[in-house]
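Here are some friendly notes to read with the model open beside you. Each point takes up one part of the fold, and you can go through them with the viewer in hand.

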Amino acid sequence: MMATQAHKKYVSQFAMMGTVISLTLFDHKPALVERVYDYLQTMTEIFSANDDDSTLGQINRNAGVAPVAVDATTFAFIQRALAATKKYHDSFNVLIGPLVKLWKIGFGGQTVPAKSAIATSLSRMNPDDVVLDETAHTVFLTQRGMQLDLGAIAKGYFADQVKARLQAAGVTSGIVDLGGNVQTWGMNPLAADDQWRIGIQNPNDTRGNALLNVVTPAQSFVTSGIRERYFKRDGRTYHHILDPQTGYPVRNDLLQVTVITENSELAEVLSTVSFFKGPQAGQTLIERLPDVEAVFVRRNGAVELTSGLVPQTKGVYQIVRRK
Ligand code: ADP
Ligand code: MG
């Protein structure tokens, strides 16, 4: 192998989805960058929860009324999101829309809702009330007031799609960062050991300041945390990860969970589920899954890592895969 091959890094940034999206490639491919931009733009049009004309908006507007046909890829994604909801129903639930709209956390005008309104929302979140037609590719929320909200998982799906599309176009390695959701693929052409080095955000510091760094073959890093979207009322803090059992923001000892695994969509689900489980049960869950690692940050700042993250130098951990 040629060790001296020089590589440049081409970083493109787009302001989208309420965040800054960044794409890193190691060859100059402006046409592919445009394609990624257009793809993500189309995705925001399909999945916008606040636009009645988006595909998601149509599904929600037709709750209790009629099935809505969607394209095959979107259908498969919604099907997986609902399967994850059934599997982890006490924590991860993509039918959380009525609660999200009620609390409005992070969108201004937020209030603590009345108990009766919370109870009404909770009654509209049953995944058994969704009918999916695999032949017609239709999604039907059968009860009025139901609302699909894919906010906890959509970026993982987009990240996996961007990776797959670029790989299909012959791009052998890259990084896509959808604002805190990082997907890498291939080998890092800028590192002698081919590995990636990804920083995990310190929840007690400003954006971009790492708590620790992870050296790893290609993986996706997904963080769920309560430090970016919340409001305070009467001395209490209410954040945006809502408990589908109680209807209130989940209360536990955690500030943040980062899940590291190849599939970004899975990492999204597991980061929400682990957040609910807390540092102990969360670690137990992750340890049982092959090729998944996690970093938990408690409210007091204490950091806990799963066993595949092995200390290398100060503040740097190496992922060692159990074969
Ligand atoms: P972020 O990337 O915004 O930090 P997450 O990936 O943790 O957040 O997803 C949070 C978003 O998912 C919320 O803004 C809301 O739209 C939705 N959501 C909130 N609670 C849940 C839940 N228990 N299950 C599924 N989705 C949720
Ligand atoms: Mg998530």
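1. Let me begin with a pair of helices. H6 and H7 are roughly antiparallel to each other, because the angle between them is about 160 degrees and anything over 145 counts as such. Their axes lie 7 Å apart, and the crossing of H6 and H7 is right-handed. Please keep in mind throughout that this is a predicted model.

2. Which residues make that contact? From H6 come Lys-155, Gly-156, Tyr-157, Ala-159 and Asp-160, and from H7 come Ser-264, Glu-265 and Glu-268. Sorted by class, the contact of H6 with H7 holds two nonpolar, two polar and four charged residues. If you want to find the helices in the viewer, H7 covers residues 264–288, and H6 covers residues 154–168.

3. H6 has a second helix partner, H3 (residues 72–87). Here the packing angle is about 135 degrees and the axes are 11 Å apart, which makes H3 oblique to H6. The crossing of H3 and H6 is right-handed. On the H3 side the contact uses Thr-73, Thr-74, Phe-77 and Arg-80, while H6 brings Ala-154, Tyr-157 and Gln-161. By class, the contact of H3 with H6 has three nonpolar, three polar and one charged residues. Tyr-157 is worth clicking on: the residue is listed in the contact with H3 and in the contact with H7.

4. Now for the domains. The domain assignment divides the protein chain into domain 1 (4–39 + 153–226 + 251–319) and domain 2 (50–141). Their C-alpha centres are 26 Å apart. How many residues of each domain are in contact with the other? The count is 11 residues of domain 1 with 11 residues of domain 2.

5. Next, an open sheet of eight strands, in the order E1-E2-E6-E7-E10-E13-E14-E15, with antiparallel pairing. E1 (10–16) and E15 (303–305) stand at the edges with a single partner strand each, so one side of each has no neighbour in the sheet. From one strand to the next the twist averages 10 degrees. Inside this sheet, E7 (residues 181–185) and E10 (residues 220–225) run antiparallel and are joined by three bridges. One pairing to look up is Val-182, whose bridge partner in E10 is Phe-221.

6. Which strands of the eight-stranded sheet do the helices touch? H1 (residues 30–47) packs on the sheet against E1 and E2 (19–25), and its direction makes about 20 degrees with that of E1. H6 also packs on this sheet, touching E2, E6 (174–177) and E7, with a direction about 25 degrees from that of E7.

7. There is also an open sheet of four strands, ordered E8-E9-E17-E16, and its pairing is mixed. Its edge strands are E8 (196–201) and E16 (309–313), each of which pairs on one side only. In this sheet the twist averages 35 degrees from one strand to the next. E16 pairs with E17 (residues 316–319) in the antiparallel sense over four bridges, and Val-310 has Gln-318 of E17 as its bridge partner.

8. Finally, two hairpins. E11 (residues 230–233) and E12 (residues 236–239) pair in the antiparallel sense over four bridges, with Phe-231 bridged to Tyr-238 of E12. Two residues lie between these strands, and Asp-234 in the turn has a positive phi of about 50 degrees. The other hairpin joins E4 (residues 130–133) and E5 (residues 138–141), again antiparallel and over four bridges. Asp-133 stands opposite Thr-138 in E5. Four residues separate E4 from E5, and His-137 takes a positive phi near 55 degrees.

How values were computed: Residues are numbered from 1 along each chain as its sequence is written. Chains are lettered from A and ligands numbered from 1 in the order in which they are written. This is a predicted model: local features need pLDDT of at least 70, side-chain atom pairs count only at pLDDT 80 or more; totals for chains, interfaces and linings use all residues. Side-chain values use heavy atoms; hydrogens and water are left out. Axes are lines fitted to C-alpha atoms, for helices over the stretch in contact, and angles run from 0 to 180 degrees between N-to-C directions. Angles under 35 degrees count as roughly parallel, over 145 as roughly antiparallel, 65 to 115 as roughly perpendicular and the rest as oblique. A crossing is left-handed if the near helix is turned anticlockwise from the far one by less than a right angle, and right-handed if clockwise. Contact means heavy atoms within 4.5 Å. Ala, Val, Leu, Ile, Met, Phe, Trp, Tyr, Cys and Pro count as nonpolar, Asp, Glu, Lys and Arg as charged, and the others, Gly among them, as polar. Two strands pair if DSSP finds at least two bridges between them. Domain bounds come from an automatic or database domain assignment.
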